[in-house]
Amino acid sequence: MITPVLPASRTACDPAVSADESITAWALAARGGDADAVEHFVRALHRDVQRYVAHLCTDPQAVDDLAQDTFLRAISSLHRFEGRSSARAWLLSIARRAVIDSYRYAAARPRLSDVADWQLAVESAQPRDLPGFDDGIALLDLLACLPDERREAFVLTQLLGLPYAEAAELCDCPIGTVRSRVARARATLTALLEAAERPATTLVA
């Protein structure tokens, strides 16, 4: 049974806030050459990068490669990271550029994408314990119904827990636009969930 309840927005008291502080501290320590900090940094954000890339990428076979490329780019750029934004937001911006670069490269070799395969890739990176959903597959199917910009805003803020300000910077748009996209995405998802809960109409002979 699918319950029409969407994940609540992150707040300042959310554990993810302190987690972001720890991850940023690891990134700064890694910048200084701390090998253990590099390992902590990668492990802490590997899942988020995979999920984000899976929602942006149309090639399911490229998700792992793009995630690896993201971390390679990040590690080679750590000397430029100053902690002005969270390490999570910084890394996801690198992931976004990696996906865009892959599109540019693939433009010279266009190929058809299989929607089922795309969904399979996202499913493999989708958590199974999201509040309000009995099955991660249900959320995956509903997210696929959203326009790209609304889906990205929802994934960044509601699933990955990024603050609206950082999501706005990542999406290169005003914070009000991100809030509007998330609100519309939530309204659409709620309507779809409620529709899924309605009993099917049966015809009586």
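These legends walk through several close-up views of one predicted model.

**View 1. The whole chain, made of helices.**
Start with the overall layout of this predicted model. There are nine helices and zero strands in the chain, so the pattern along the sequence reads α-α-α-α-α-α-α-α-α. Of the 205 residues in the chain, 40% are buried. How do the contacts spread along the sequence? Taking contacts between residues at least 6 apart in sequence, 70% link residues that are at least 24 apart.

**View 2. The largest nonpolar core.**
Here we look at the largest nonpolar core, which has 49 residues. Which of them have the most contacts inside the core? They are Phe41, Val49, Val53, Leu92, Leu156 and Val178. Many helices chip in: α1 (15-31), α2 (35-56), α3 (63-77), α4 (87-107), α6 (136-143), α7, α8 and α9 (175-197) each supply at least two residues. Helix α4 gives the most, with nine residues.

**View 3. Helix α7 by itself.**
Helix α7 covers residues 148-159. Is this helix mostly covered or mostly open? It is mostly covered, with nine of its twelve residues buried. The buried ones are Arg151, Glu152, Ala153, Phe154, Val155, Leu156, Thr157, Gln158 and Leu159. Its length works out too: at 1.5 Å a residue, the twelve residues of α7 should span 16 Å, and the C-alpha atoms at its ends are 15 Å apart, which agrees. After α7 comes glycine 161, with a positive phi near 75°.

**View 4. Helix α8 by itself.**
Helix α8 takes in residues 164-171. Six of its eight residues are buried, so α8 is mostly covered as well. Tyr164, Glu166, Ala167, Ala168, Leu170 and Cys171 are the buried residues in α8. Two residues to pick out in this helix are alanine 165 and glutamate 169. Alanine 165 is partly exposed, because its relative accessible area of 48% falls between the limits of 20% and 50%. Glutamate 169 is exposed, because its relative accessible area is 61% and the cut-off is over 50%.

**View 5. Where α7 meets α8.**
The axes of α7 and α8 come within 10 Å of each other and cross at roughly 145°. Which hand does the crossing have? The crossing of α7 and α8 is right-handed. On the α7 side, the residues in the contact are Glu152, Leu156, Thr157 and Gln158. They meet Tyr164, Ala167, Leu170 and Cys171 in α8. Sorted by class, this contact has five nonpolar, two polar and one charged residues.

**View 6. Around valine 178.**
Val178 is listed with the residues that have the most contacts inside the largest nonpolar core. What does valine 178 touch, leaving aside its neighbours within four places in sequence? Its contacts are Ala153, Thr157, Tyr164, Ala167, Ala168 and Cys173. Two of these partners, Ala153 and Thr157, appear among the buried residues of α7. Tyr164, Ala167 and Ala168 are buried residues of α8.

**View 7. Aspartate 172, just past α8.**
Where is aspartate 172? It is in the loop between α8 and α9. Although aspartate 172 is not a glycine, it has a positive phi of about 60°. The residue is exposed, because its relative accessible area is 69% and exposed means over 50%.

**View 8. Alanine 89 and two residues of α8.**
This view pairs alanine 89 with two residues from further along the chain. The C-alpha atoms of glutamate 169 and alanine 89 are separated by 8.7 Å, while the two residues are 80 apart along the chain. For alanine 165 and alanine 89, which are 76 residues apart along the chain, the C-alpha separation is 10.0 Å.

**View 9. Glutamate 82 in its loop.**
Glutamate 82 is found in the loop between α3 and α4. Its relative accessibility is 48%, so glutamate 82 counts as partly exposed. Which residues does glutamate 82 touch, not counting those up to four places away in sequence? They are Leu28 and Arg31. Threonine 24 is 58 residues from glutamate 82 along the chain, and their C-alpha atoms are separated by 9.5 Å.

Note on methods: Residues are numbered from 1 along each chain as its sequence is written. This is a predicted model: local features need pLDDT of at least 70, side-chain atom pairs count only at pLDDT 80 or more; totals for chains, interfaces and linings use all residues. Side-chain values use heavy atoms; hydrogens and water are left out. Axes are lines fitted to C-alpha atoms, for helices over the stretch in contact, and angles run from 0 to 180 degrees between N-to-C directions. Helices (H or I, at least four residues) and strands (E, at least two) are DSSP runs, numbered from the N terminus. A crossing is left-handed if the near helix is turned anticlockwise from the far one by less than a right angle, and right-handed if clockwise. Contact means heavy atoms within 4.5 Å. Ala, Val, Leu, Ile, Met, Phe, Trp, Tyr, Cys and Pro count as nonpolar, Asp, Glu, Lys and Arg as charged, and the others, Gly among them, as polar. A nonpolar core is a set of buried Ala, Val, Leu, Ile, Met, Phe, Trp, Tyr and Cys residues joined through side-chain atoms within 4.5 Å. Buried means under 20% relative accessible area, exposed over 50%, partly exposed in between (1.4 Å probe, protein chains only). The expected span of a helix is 1.5 Å times one less than its number of residues.
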